[in-house]
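Here is a short round of questions and answers on one protein chain. Keep the viewer open while reading.

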Amino acid sequence: MNQYNRKIKRALISVYEKKGLDQLVKTLVDLDVELYSTGGTYRYIKDIGIQVRSIEELTTYPSILGGRVKTLHPKVFGGILSRSDSSEDLQDVKKYQINLFDLVVVDLYPFDQTFGNQNATHDDLIEKIDIGGVSLIRAAAKNYSDVLCVSNRNQYSDIVQLLKSQKGKSTLDERKSFAYQAFLHTHQYDGLIAKYYSLDQDPFQKRIKPLRYGENPHQKAEFQGDLSQVIEQLHGKDISYNNLLDIEAALWLILEFDETKNVFAIFKHNNACGISQSESISQSFQKALQADPLSAFGGVLISNQTLDLETAKRIRPIFVEVVIAKNYQPEALALLKEKKNIIILKNKATQLPKNQWRSCLNGVLKQEFNQKTDGEKDLKVVTSMAPNSNQIEDLLFASKISKHTKSNAIVLVKNQQLLASGMGQTSRVDALNHAIAKAKTHQLDLNDSVMASEAFFPFPDCVEIAHQQGIQAIIQPGGSKKDQLSIDYCNQHQLAMVFSGTRHFKH
């Protein structure tokens with residue numbers, strides 16, 4: 001392809017950022033370049049005393065749809081895409097009286113700035129997706145043989161220097177270089193928009209929120225995502241890395257429970273250390289606190305109901321990091337806000353997520369979220385003794401908790417109240433013994449309670465230990481080759497056991 005110089009005679013300018021534009025348009029005027037422009041750019045150029053023609057004058061069509069459509073017209077794109085070495089193109093140019101453009105200057109809407117603003121709404125972001133500007137850039141860059149394309153404000157000074165030094169001319173290689181930069185720019189621009197549109201597909205490609213630090217103060221951290229979809233912060237300090245992990249664990253567990261029931265849970269290190277369902281939110285909080293008042297210190301509190309003043313008064317004396325509720329009575333919110341640093345959140349999540357991601361080695365693991373929640377229809381009674389209706393309610397309550405507790409997990413429940421749990425142990429026996437020890441530490445009676453295990457019992461040892469503590473009913477998924485040993489022990493000691501058929505490992 002031969003190198004050749006091309007003199008700029010006519011330019012189309014449509015930019016968002018006007019800083020530095022004055023020098024460019026003055027340079028173009030000095031070179032006798034005819035200027036066309038749009039909307040705010042047209043007014044800016046007129047205001048600095050430079051003669052410019054509006055794009056509407058060229059198209060004889062007004063800007064419509066609130067400015068969404070200004071330049072999308074055959075007379076505009078015909079003037080950019082026409083090939084000087086094509087007789088057919090030149091015939092069309094003459095036939096339809098199309099003015100040819102030698103220079104196109106565009107600066108796109110700042111989607112990147114809006115994307116980086118955590119307070120920006122969905123509508124804010126949508127309206128910052130440039131259509132006409134991207135189209136102008138692509139057209140000019142495609143036809144770089146005839147058109148010089150300036151695709152962003154960072155090139156203003158470069159193009160001024162080039163035009164001054166070459167008296168308004170550009171070489172083919174220069175135009176090709178600017179075309180390359182133009183396509184690179186639109187690629188990055190569209191890539192960022194794609195990240196925003198990937199809200200449910202890839203949580204690692206979203207808005208970035210710097211965090212105070214990571215798991216420990218010496219670790220840097222950031223959150224990539226859109227918190228506004230699941231929570232709204234009403235008060236308090238910035239949310240930390242560890243806060244976010246506890247908040248997530250709390251949100252997904254609380255969504256397991258019927259919204260018509262008063263449920264309150266307390267989380268520490270991603271596990272529920274207290275949870276209860278009672279006649280009122282205040283009572284539910286008190287019973288949740290009974291399970292482990294020591295662990296509640298610095299914990300995350302969550303309710304599936306509007307938090308009332310009575311509950312706020314009970315929370316007020318306790319040091320907690322985060323409080324989450326469906327909503328707040330004004331008096332309750334005002335009382336909690338007296339604590340300067342407490343993070344107060346409104347829960348906006350309405351359903352469990354579809355997928356989960358986590359980093360692993362040098363990559364990312366993705367899996368479907370565990371959407372399965374054990375219900376009464378899933379239960380298979382495998383012992384001669386069947387659980388009564390109250391026990392079934394407790395078993396299902398315990399099963400929901402065990403699903404959201406780190407494996408190996410054992411959960412002990414009585415009257416819709418978590419008595420204790422053992423989690424993250426390397427053996428199921430250790431998990432059970434840990435739960436029993438915690439219940440006894442807090443003087444909670446295990447007699448007539450129920451036990452949930454998120455995975456099967458490979459041996460009857462856990463069943464035997466549970467029986468010795470007064471536990472009367474058990475739920476587990478089943479599936480061990482030695483299930484019958486546990487069933488036999490239950491039958492010999494009048495214990496009820498049901499299989500759910502679903503394992504709920506949480507690693």
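Q: Which residues of strand β21 are buried on one side, and which on the other?
A: The model is predicted. Strand β21 covers residues 410-413, and both of its faces are covered. One side holds Ile410 and Leu412. The other side holds the buried Val411 and Val413.

Q: In what sense do β21 and β22 pair, and which residue of β22 stands opposite Ile410?
A: Four bridges link β21 to β22, residues 418-422. The sense is antiparallel. Opposite Ile410 in β22 stands Gly422.

Q: Which residue in the turn of the β21 and β22 hairpin has a positive phi of about 55°?
A: The hairpin leaves four residues between the two strands. In general, most residues other than glycine have a negative phi. The turn residue with the positive value is Asn415.

Q: Gln416 also has a positive phi; is Gln416 buried or exposed?
A: Gln416 lies in the loop between β21 and β22. Its phi is near 60°, and it is not a glycine. The cut-off for buried is under 20% relative accessible area. Gln416 has 12%, so it is buried.

Q: Which residue of β23 stands opposite Val411?
A: Strand β23 covers residues 450-453. It pairs with β21 in the antiparallel sense, over four bridges. The residue opposite Val411 is Ala452.

Q: Is Gln443, in the loop before β23, buried or exposed?
A: The loop in question runs between α16 (428-441) and β23. Gln443 has a positive phi of about 55° without being a glycine. Exposed means over 50% relative accessible area. Gln443 reaches 73%, so it is exposed.

Q: Which two residues does the cis peptide bond with omega of about -10° join?
A: Most peptide bonds are trans. This one is cis, with omega about -10°. Asn408 sits in the loop between α15 (389-403) and β21. The bond joins Ser407 and Asn408.

Q: How many residues are in the largest nonpolar core, and which helix gives the largest share?
A: The core has 44 residues. Val413 is among those with the most contacts inside it, as are Ile247, Phe267, Ile275, Ile324 and Leu345. Eight residues, the largest share, come from residues 241-254, which is helix α11.

Q: Which residues does Val413 touch, leaving out those up to four places away in sequence?
A: Val413 is buried in β21. Its contacts include Leu418 and Leu419, and also Ser449 and Val450. The rest are Asp394, Phe397, Ala398 and Ile401.

Q: How many residues make up the second, separate core?
A: Nonpolar side chains tend to be buried together in soluble globular proteins. The second core includes Val106, Leu136, Cys149 and Leu192. Its count is 31 residues.

Q: Why are β4 and β6 left without a neighbour on one side in the sheet?
A: The open sheet has five parallel strands in the order β4-β3-β2-β5-β6. β4 (53-54) and β6 stand at its edges. Each therefore has a single partner strand.

Q: What is the bridge partner of Leu12 in β5?
A: β2 and β5 run parallel. Five bridges join them. The partner of Leu12 is Val104.

Q: What angle does α2 make with β2?
A: Helix α2 covers residues 39-47. It lies across β2, β3 and β4. Its angle to β2 is about 115°.

Q: Why do the buried residues of α9 lie on the same side of the helix?
A: The buried residues of α9 (156-165) are Tyr156, Ile159, Val160, Leu162 and Leu163. They lie on the same side because they cover an arc of only 165° around the axis. On the other side, Gln161, Lys164 and Ser165 are exposed. The buried residues pack against β2, α1, β5, β6, β7 and α10.

Q: What radius of gyration does the protein chain have?
A: A compact globule of 507 residues would have a value near 23 Å. The C-alpha trace spans about 100 × 55 × 45 Å along its principal axes. The chain has a radius of gyration of 33 Å.

Note on methods:
Residues numbered from 1 in each chain as written. Predicted model: local features only at pLDDT ≥ 70, side-chain atom pairs only at ≥ 80, totals over all residues. Heavy atoms only, no water. Buried < 20%, exposed > 50% of the residue type's maximum accessible area, 1.4 Å probe, protein only. Arc of directions from axis to C-beta. Contact = heavy atoms within 4.5 Å. Pairing = 2+ DSSP bridges. Core = buried A, V, L, I, M, F, W, Y, C linked by side-chain atoms within 4.5 Å. Axes fitted to C-alpha atoms, helices over the stretch in contact; angles between N-to-C directions. Rg over C-alpha atoms; globule rule 2.2 N^0.38 Å.
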